[in-house]
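Let's take a walk through this model, from its aromatic rings to its empty spaces and a few backbone oddities. Keep the viewer open as you read.

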Amino acid sequence: SNAVAGESALDRMACGLGGKLVLPMIKEHIMQMLQNPDWKYRHAGLMALSAIGEGCHQQMEGILNEIVNFVLLFLQDPHPRVRYAACNAVGQMATDFAPGFQKKFHEKASRALLQTMEDQGSQRVQAHAAAALINFTEDCPKSLLIPYLDNLVKHLHSIMVIKLQELIQKGTKLVLEQVVTSIASVADTVEEKFVPYYDLFMPSLKHIVENAVQKELRLLRGKTIECISLIGLAVGKEKFMQDASDVMQLLLKTQTDFSDLEDDDPQISYMISAWARMCKILGKEFQQYLPVVMGPLMKTASIKPEVALLDTQDMENMSDDDGWEFVSIGDQQSFGIKTAGLEEKATACQMLVCYAKELKEGFVEYTEQVVKLMVPLLKFYFHDDILLTNSTSMPLLLECARVRGPEYLTQMWHFMCDALIKAIGTEPEADVLSEIMHSFAKCIEVMGDGCLNNEHFEELGGILKEKLEEHFKNQELRQVKRQDEDYDEQVEESLQDEDDSDVYILTKVSDILHSIFSSYREKVLPWFERLLPLIVNLICPHRPWPDRQWGLCIFDDVVEHCSPASFKYAEYFLRPMLESVCDSSPEVRQAAAYGVGVMAQFGGDSYRPVCPEALPLLVRVIQSPDAKAKENVNATENCISAIGKIMKFKPDCINVEEVLPHWLSWLPLHEDKEEAVHTFNYLCDLLESNNPVVLGPNNSNLPRILGIIADGEIHEAIKHEDPCTKRLANVVRQVQTSRGLWTECISQLNADQQAAIQELLNSA
């Protein structure tokens with residue numbers, strides 16, 4: 001229709017020309033239209049407002065308060081089509097301006113939408129108000145929704161009861177479909193806070209699934225299945241188990257009764273997603289249902305899209321045929337693909353990944369057929385989500401297959417490896433490429449030493465070299481564009497997006513090198529030398545901070561995994577690393593400080609002179625006034641950890657007795673969990689050896705030590721399953737053996753710290 005074409009055109013204009021140009025022109029017209037007595041103008045004005053939100057995001061944000069207050073008035077307009085358009089505008093703004101919209105307007109928007117959902121004058125308006133509420137709750141921070149939860153849930157329940165009666169009496173289902181999805185969205189957002197309302201909804205939802213078996217109720221049934229599984233995931237296994245058996249039987253019955261479902265039956269995609277959620281809820285107990293669910297899932301994941309190569313005339317004849325998309329590949333020809341079924345295929349692939357992730361070795365029976373499906377799909381360029389999912393699946397499937405032994409695992413890896421390397425070399429989309437690179441790195445970590453042959457190394461080395469050269473070339477091109485006469489804010493925004501994308505690929509190059517260094521150690525250094533000049537170029541002082549950060553991270557890995565042989569490259573990285581400890585960028589400081597720590601821990605004797613030189617630089621960072629600011633804290637904690645590693649692994653290089661009291665005063669670490677474990681382990685070493693500096697005269701430092709341990713527990717600095725937790729608990733128990741000392745220590749802790757110490761003792 002003309003209206004839909006107009007909306008589309010406005011959206012494209014706003015995105016293409018930008019809000020600075022478009023909003024002032026359109027705003028004036030919209031305001032006039034909204035005040036017109038003819039409902040058609042008010043409807044059109046609200047739909048136009050919905051269409052321009054994405055493109056005019058920045059400019060509309062400044063006047064959002066004025067816009068929202070105005071739009072909410074139209075939810076009470078006398079004409080239902082205008083109320084519908086107002087619901088549309090609220091829902092669209094809730095998506096376009098999330099989560100800021102929810103933070104600013106949560107009270108008035110949720111109240112107005114709930115009132116509109118009770119608008120008995122129009123089913124379509126009610127349904128669209130529910131759809132807007134879904135948009136609102138999907139992106140609403142949990143903490144904002146909780147104060148309104150009771151009122152929200154009661155409204156939804158009363159509307160659901162009324163609409164269920166209407167379904168039984170009149171067969172109307174439109175509003176009920178949306179209300180069920182609204183309930184699911186609320187549960188998904190508030191998670192465990194939905195537990196008190198579980199029993200209010202579950203009987204009715206189960207009733208719908210049991211009885212809504214007619215063909216015209218398929219969508220309602222599918223959405224209800226989705227709702228039940230999302231509620232189950234939200235409230236957790238303990239609460240859901242009372243209904244889990246019934247729900248599983250309903251799902252199994254659907255699967256078997258409807259084995260001849262038409263390919264476009266909407267229940268299929270909802271069923272597939274519901275099975276995956278049930279798998280997350282039930283864990284290993286879900287394995288028994290795999291024989292039932294895997295058949296339809298593999299069938300959907302194996303859908304082959306219909307494709308065609310057409311000349312322009314043929315394309316024009318087909319353009320009205322629903323579900324075809326075309327890409328021009330020259331003046332006279334277009335490539336067409338029928339998109340029907342692609343979303344379902346993508347969902348099915350995601351579910352296979354979910355099963356592999358949740359069930360691990362319990363999924364081993366199916367790994368071979370899934371790998372044979374997934375690997376060829378690394379060349380499936382028609383749908384990015386399918387490509388992303390397939391690359392994610394590779395390391396998970398290898399983990400599943402481990403239980404079959406090394407020979408089976410190696411065969412599976414050989415089937416994947418060439419395809420993954422080829423995909424890294426040819427994938428044009430940065431988002432997909434980064435995921436494939438990350439997946440490849442994870443696969444190498446699973447397979448370990450010996451998983452790549454000489455041909456693999458040769459091809460991979462060439463590809464990584466190409467990626468790094470491309471990175472530098474793109475940076476130069478962006479600098480040229482910044483000198484162009486057309487350069488402005490919008491161009492800079494676009495260049496910044498390109499730069500972020502390039503840097504993300506650089507992080508994945510680092511991931512791959514990390515996995516290779518950690519698996520092959522110093523054996524791989526001769527191969528690495530072809531990349532060395534490019535990595536050295538990354539850490540030059542004139543390069544942008546992300547380059548220096550990731551260049552240093554790569555050299556950190558060389559030191560950590562390839563020492564003492566790494567010292568032969570020290571001439572390239574040692575000086576830049578020490579100079580970077582006090583860099584203006586916290587990310588660079590963090591990478592440099594971590595590097596100093598691994599030199600002390602793994603570097604060997606050649607790195608001994610680095611320790612005394614690095615110490616004052618690390619202290620300077622720790623003692624700077626804003627060291628604990630949010631943006632600096634990770635760098636600071638890496639500096640504290642590095643000093644701990646120097647004292648532990650190279651104690652004769654510095655005056656440990658002088659440094660220790662300062663180091664204790666900087667504890668605990670709680671942002672960087674990995675470094676927190678290192679520092680707590682070293683603290684345990686010192687306490688277990690009765691270090692006099694740490695204990696203080698007559699154990700006078702012990703209250704402070706217990707305070708450090710308690711604060712670490714409060715900030716969850718160490719996971720309870722980590723062996724370090726047991727060591728810390730033993731330290732506390734040792735103090736408990738002296739009643740007087742224990743009483744003195746505990747009296748100096750606040751209530752939270754005392755509770756944390758008790759929690760630590762209970763967990764270990």
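Rings of Phe, Tyr and Trp, the last by its six-membered ring, count as a pair if their centres lie within 6.5 Å; planes under 30 degrees apart make the pair stacked, over 60 edge-to-face, and the rest tilted. By that rule the count comes to 20 aromatic pairs. Bear in mind that this is a predicted model.

Take Tyr 355 and Phe 363 to begin with. Their ring centres are 6.4 Å apart and the planes meet at 55°, so the pair is tilted. Are these two residues buried or exposed? Tyr 355 has 1% relative accessibility and counts as buried, and Phe 363, at 0%, counts as buried too; the cut-off for buried is under 20%. Both rings also belong to one aromatic cluster, made up of Trp 275, Phe 286, Tyr 289, Tyr 355, Phe 363 and Tyr 366.

Now for another pair, Phe 567 with Tyr 607. Here the centres are 5.0 Å apart with 90° between the planes, which is edge-to-face. What does this pair link? It links distant parts of the chain, 40 residues apart: Phe 567 sits in the loop between α27 and α28 (570-580), while Tyr 607 sits in the loop between α29 and α30 (610-622). The accessibilities of the two partners are worth a look: Phe 567 is partly exposed at 32%, whereas Tyr 607 is buried at 1%. Rings can have charged company as well: Arg 404 lies over the face of Tyr 408, at 5.2 Å from the ring centre.

Another contact across the sequence involves Leu 290, which lies in helix α16 (residues 290-301). Leu 290 is buried, with a relative accessible area of 1%. In sequence, 75 residues separate Leu 290 from Glu 365, yet their C-alpha atoms are 9.7 Å apart in space.

On to the empty space. The largest pocket holds about 580 Å³. It is lined by 21 residues, and those closest to its centre are Trp 550, Cys 553, Asp 557, Tyr 594 and Glu 674. Which elements give two or more residues to this lining? They are α22 (430-447), α24 (489-520), α27 (545-562), α29 (586-602) and α33 (673-688). The largest share, 6 residues, comes from α27. By class, the lining of this pocket divides into 5 nonpolar, 6 polar and 10 charged residues.

What about enclosed space? Searching the whole structure turns up 2 cavities of 30 Å³ or more. The largest cavity has a volume of about 70 Å³, and its lining includes Phe 680, Ile 709, Glu 713, His 720 and Leu 760. Helices α35 (702-714) and α36 (723-736) each supply at least two lining residues, and α35 gives the most, with 3. The classes here are 6 nonpolar, 3 polar and 1 charged.

The second largest cavity comes in at about 50 Å³. Among the residues lining it are Val 209, Ile 225, Ser 229, Leu 250 and Met 278. Two or more residues each come from α13 (218-235), α14 (237-257) and α15 (267-282). This lining has 8 nonpolar residues, 1 polar and no charged ones.

Back to the backbone, where a few details are worth a check in your viewer. The peptide bond from Ser 563 to Pro 564 is cis, with omega near 5°. Pro 564 is in the loop between α27 and α28, which is also where Phe 567 was found. A cis peptide bond joins Leu 667 and Pro 668 as well, with omega at about 0°, and Pro 668 is in the loop between α32 (656-665) and α33.

Then look at Asn 698, where phi is near 55°, a positive value in a residue other than glycine. Asn 699 has a positive phi too, near 60°. Asn 698 is placed in the loop between α34 (692-695) and α35, as is Asn 699. How exposed is each of them? Asn 698 is exposed, with a relative accessible area of 77%, while Asn 699 is partly exposed at 31%.

Finally, step back to the overall layout. The domain assignment gives domain 1 (1-101) and domain 2 (667-763), with 58 Å between their centres, taken over C-alpha atoms.

Conventions. Residues numbered from 1 in each chain as written. Predicted model: local features only at pLDDT ≥ 70, side-chain atom pairs only at ≥ 80, totals over all residues. Heavy atoms only, no water. Domains from an automatic or database assignment. 1 Å grid on protein atoms, 1.4 Å probe; cavity = no way out; pocket = protein on both sides within 12 Å on 5 of 7 lines; lining within 4 Å. Points joined across faces, edges and corners; volume = space filled by probe spheres on them. Helix = DSSP H or I, 4+ residues; strand = E, 2+ residues; numbered from the N terminus. Nonpolar A, V, L, I, M, F, W, Y, C, P; charged D, E, K, R; others polar. Buried < 20%, exposed > 50% of the residue type's maximum accessible area, 1.4 Å probe, protein only. Lys NZ or Arg CZ within 6 Å of the ring centre and 35° of its normal.
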